[in-house]
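Here is a briefing on one structure, for use at the bench. It takes the metal site, then the ligand pocket, then strand pairing.

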Amino acid sequence: MTFHDPTSYVDLSQGKINHIDFHIQADFSSRILEIEATYQTQESVTGSLYLDSFKIDMKEAHVNGRKLEWDFDASDEQLGERLHLKGFDGDSSFTLKFCTSPEARALQWMNASQTAGGKHPFLFSQCQASNARSIFPCQDTPSVRFTYSAEVEVPNELTAVMAAEQAKGPEGSGTFFFNMPQSIPSYLFAIAVANLGFRELGSRTGIYAEPEVIQAAAWEFAETEKTLNEAEKLLGPYLWGRYDLLVLPPSFPFGGMENPRLTFLTPTAILGTRGQVSLVTHELAHAWTGNLVTNATWQDFWLNEGWTTYAETRITEILEGKEVADLNAVHDEKRTLEIIKRVGLDSPTTCLKVPGDGKDGDSFTSILAYTKGCFFLKECEYAVGRERFDKFIQKYMKSFQFQSLTTEGFLDFLKTELPEVFEKVDVQTWIYKPGMPEIWHKPHSHLYDEVENVLRDYEQGKLPTKETVKDWHRNQILSFLQELPKTTSVEDCKYLEDVLELNQRNDDYFYTYFYSICIASGYQDVMPRVEDFVEKIGRMLYIMPVVRAMVETDWARDRARPLLERVHEKHHPVTIAALEALLKKAGL
Ligand code: BES
Ligand code: ZN
């Protein structure tokens, strides 16, 4: 199947990189990684090889003992710079020496003061979608896979971890050895360096975190091994060896990132209630849906996230029960409709296969890929029954493991394996048309109905009491906050925060919705708290709606730019770029 990836400069007909040996030195004072990397290619290369790069400071290039000519011969704000290596002569190995930029888009270098312990600096990477090229020149497209090894040198008192197998290095020497025997696309390359402790969770699972948070983290995610066992029942054998978690500082831009063997996690998921473990279920499911079978381009992102959300809901149904799964499904349906309303009924971003040839990988990564993708797969399941669909899932994983796939490749497989799906489900509409189809199996949840009743009362002027909401599930409270009128009185804001006991729940997601309502309702006294929230938390799902509410509300609008200036030093480049884009769109 031929396809073009608009987010990359590479020309795969020149040869594909299939292995890299890294030597990496982390310099915290200059915020630079010094790297020597030896690349192997699958086919021998003659003439030129184009690689993606972003602000890479190239020092040397060698092939077979001779110098290799190179220059950066094209550049673009999104794509970065095209590194043009010249003069190959049937070679299948070459070495580059280079440094990353302090502005590397994948890396956040944090001061000690931004960590839980406050004594040591912290570095972490986030490569998805197209940021690996800011760490090392590469074919930065999810359709190319490579294995790698790495020797990493860090200051003595710090620990390096990677999304790879850790080989034992000499204790306390500051040198760490890694090996990644399973092939990965570049966006799954990951590294972190910090003062880290480790706890076993099970025989194949464990957790890394700063010593100050490791106990709470280990308790919160104690059930990870069980989740892994359930995931294997649904998706087939786990092929990556270990499954560990790494808890990052609150500036981590996502809830989680499915870096192979080592999921990166936000500390905002540590609630003290195990109330957000579905986040780990989600990232773990990616070990199959995404990491084994990978979207070939970011336009096929739903293949990663829709499938993962589907797997997450299936595993959650087993671990937390059908009632909770149904509640989550209705919650997701409402979020879906809300987003479609916001971006417009016929916005192409609501198609599962996102059209266009945008250069920004992140522009394809909408929430709709998650929820609409999951709802589509549920329709497929309904069409053939769970038993047959489950067999299909395992065959799908096995047939395409360690490969990349386009939407069209997936549909071909679906047609061969489950042709009846195409008789019962309007596949073309689901995949290629915007919005949601008219007819589908809409979810129902009596837990959600309870919330709706309280919302209806509220609209009629009857406020909920503590008694009403006392035993609500987390997602009932979230649904309630999400469905409340967007503006209300300041008095009601105060009442609702109290009655829902938001400040006792240690759950920042509630505040995403709550602050958005407060801002739109003119609750000006809340602003210092909003500013602290946006300053502390980098998780985009949590802060973007709040900042969006600011730019859309007259009195708060002018405070968005100064706030962004303040957080510049505190957040990951990915978060800053997203905030900048939001303000720019609003003309600020
Ligand atoms: N792979 C994504 C994170 C991601 C998406 C990074 C797009 C870069 C571009 C991860 O698996 C994810 O989906 N995280 C979600 C949590 C999930 C439970 C919905 C998040 O971070 O909110
Ligand atoms: Zn995901």
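**Zinc site**

The zinc ion (ligand 2) has as protein donors His282 (NE2), His286 (NE2), Glu305 (OE) and Glu305 (OE), which lie 2.0 to 2.7 Å from it. Donors here are N, O and S atoms within 2.8 Å of the metal (3.2 Å for Na, K and Ca); water is not among the atoms, so sites may look incomplete. This is a predicted model: local features need pLDDT of at least 70, side-chain atom pairs count only at pLDDT 80 or more, and totals for chains, interfaces and linings use all residues. Residues are numbered from 1 along each chain as its sequence is written, chains are lettered from A and ligands numbered from 1 in the order in which they are written, and side-chain values use heavy atoms, leaving out hydrogens and water.

- The donor residues of the zinc ion follow the sequence spacing H-x3-H-x18-E.
- Six donor atoms surround the zinc ion and subtend angles of 54 to 159°, so the arrangement is irregular.
- Irregular means anything outside these classes: four donors are tetrahedral if all angles lie between 85 and 135 degrees; four are square planar and six octahedral if opposite donors are over 155 degrees apart and all others between 65 and 115.

**Ligand 1**

- Around ligand 1 there are 16 residues (a heavy atom within 4 Å). The closest are Gln128, Gly255, Glu258, Glu283 and Tyr370.
- Glu258 places a polar side-chain atom 2.6 Å from a nitrogen atom of ligand 1 (polar contact: N or O atoms within 3.5 Å).
- His286, a zinc donor, also has a polar side-chain atom 2.9 Å from an oxygen atom of ligand 1.
- A side-chain N or O atom of Tyr370 is 2.7 Å from an oxygen atom of ligand 1.
- Taken alone, ligand 1 exposes 520 Å², and the protein buries 88% of that (Shrake-Rupley method, 1.4 Å probe).
- Strand 17 (256–257), helix 3 (278–285) and helix 4 (301–320) each give two or more residues to the shell (DSSP runs: helices H or I, at least four residues; strands E, at least two).
- Helix 3 gives the most, with three residues.
- By class, the shell holds five nonpolar, seven polar and four charged residues (Gly counts as polar, Tyr as nonpolar).

**Strand pairing**

- Strand 1 (residues 17–27) pairs antiparallel with strand 2 (residues 32–53) over ten bridges (pairing needs at least two DSSP bridges).
- Ile20 stands opposite Tyr39 in strand 2.
- Four residues separate the strands of this hairpin, where Arg31 takes a positive phi near 60°.
- Strand 2 also pairs antiparallel with strand 6 (residues 80–99), over 15 bridges.
- There, Glu34 has Cys99 of strand 6 as its bridge partner.

Technical notes: Polar contact = N/O pair within 3.5 Å; in protein donor to acceptor, adjacent residues only side chain to side chain.
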